[in-house]
Amino acid sequence: MSSFDELGLIPPLLQAVGDLGYKIPTPVQQQAIPLVLGGRDLMAGAQTGTGKTAAFALPILQRLAPQSSTSTSPARHPVRALVLTPTRELAVQVAESFRDYAKHVPIRSTVVYGGVDMNAQIAELRRGVEVLVATPGRLLDHVQNKTVMFNQVSVLVLDEADRMLDMGFLPDIKRIISLLPAERQNLLFSATFPDEIRTLAKTILKNPAEVQIAARNATAELVTHVLHPVAREKKRDLLAYIIQTRGLKQVLVFTGTTIGANRLAHQLRRDHIQADAIHGDKTQAEREAALADFKAGKIAVLVATDVASRGLDIESLPQVINFDVPHSPEDYVHRIGRTGRAGLTGEAISLVAPEDMETLGAIERLIKKRIERVLVPGFQPSGATVAALMGDEPKRKSSPPVRRDRPPKQPADPIFSSPYEPGQAGATAAQPAPKQETQQKRKQPQVAALLGGLKRA
Ligand code: AMP
């Protein structure tokens, strides 16, 4: 396995990654860094959690280093690299990473995102920054306000491009790109590659190099997929039953709507389960407070919508539960990307009502896997619909594995604070996936895991 110095990085960057405790480049870093250093356009299939930020940030900083300046004059610090992200949370994380990696080079960076007052951002931009991380809508506000100039931009990064598309940012992205100098390097990172992303890539990227890091969870043997057929009106009871009988201490539950998320969290609390909701209608401060409580083990269940969970540093959970089946199969992949990280096993549990059948089919086609159906007595839908949901496979009837998960020794935090480590992280990594029949005897995945970043505790 190569080390960072073999990637051709300059000493101040090597020092910065050393300061952060990184020892070995992750696969996406090993592949992308030399390509980006060489000036190539890049199309990379890699999700958050794979170390992709450093995969673009380090070579960008290196390419900008010769033009860097210690002068205080704003004119000496034009925007040279523009990174677009779908959410403010991801924008903040990416900007923090740039700051960490640029610790020993005089390159300034900042972040702009919506939902907060523009004045502080304007002041930062006026000071001059080489690296600007932004969500598309707010960036266009600054364009309109004439607080940002793009004439010196030489690198564009589209981070989590698929999510930006899902969130309807395509027109904004096109508009921003039309304002950039034509001569520039373009890097596109995306977890999934639906047709719209390929079309976008064709219009933006010039002769791109391609890097594909195995979609960790779509193919990861380490994630067990299970679905429980259930009548819609019994979903909430089944969820509470699973959480209580298994004593789950830290579980992310996805709902399709903000109202649904609020209501579910409220109902779970009534069942004496510590729960909170995180969704787009909450303020940034409220979302951060809920996330902090979840990370600290103060709440056992975080109910989230897809939009709110995007870009959040919630990684390596033992279980995620799809209370509502996602409408887009790509969202299923994103959701389960929160579990089964870095060599640890994880479990993706979906509560599937008869009306979710069609969506379920699309998900199974995307992940190229038939999800095991497990009936929970007392919660299954009526005869005709259950037959359709179970399909042709032999039926297995069981209660969800009744096992008390041991409470984490230190509640939760290592999940979010330890740096990435390569796949040999645990003995489990080398073992084949447990056979489904033996799943109930399978050892409970450890709560602690690896990704999350030293500085993000
Ligand atoms: P990212 O996918 O860029 O969000 O990175 C996921 C986490 O892994 C971040 O918290 C990084 O700080 C951390 N990380 C990135 N690269 C490495 C590495 N080579 N060694 C250890 N940790 C890393």
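Here are a few notes on the sheet and two of the helix packings in this predicted model.

1. Start with the sheet. It is open and has seven strands, in the order 3-4-2-5-6-1-7, and the pairing is parallel. Strand 3 (109-112) and strand 7 (209-212) sit at the edges, each pairing on one side only. On average, neighbouring strands are turned by 15° against each other, direction ignored.

2. If you want one pairing to check by eye, try strand 2 (residues 81-84) and strand 4 (residues 131-134). The two run parallel and are joined by four bridges. L84 has A134 in strand 4 as its bridge partner. In general, strands of a sheet pair through backbone hydrogen bonds, either parallel or antiparallel.

3. What lies across this part of the sheet? Helix 6 (residues 136-144) does: strand 2, strand 3 and strand 4 are the ones it lies across. Against strand 3, helix 6 runs at about 105°.

4. Further along the chain, have a look at helix 15 (residues 329-336) and helix 16 (residues 357-367). Their axes come within 8 Å and cross at roughly 65°. The crossing of helix 15 with helix 16 is right-handed.

5. Which residues make that helix contact? From helix 15 you get P329, Y332 and V333, and these meet A362, I363, L366 and I367 of helix 16. As for character, the contact of helix 15 with helix 16 counts seven nonpolar residues, with no polar and no charged ones.

Notes. Residues numbered from 1 in each chain as written. Predicted model: local features only at pLDDT ≥ 70, side-chain atom pairs only at ≥ 80, totals over all residues. Pairing = 2+ DSSP bridges. Axes fitted to C-alpha atoms, helices over the stretch in contact; angles between N-to-C directions. Contact = placed C-beta atoms within 7 Å. Left-handed = near helix turned anticlockwise from the far one by under 90°. Nonpolar A, V, L, I, M, F, W, Y, C, P; charged D, E, K, R; others polar.
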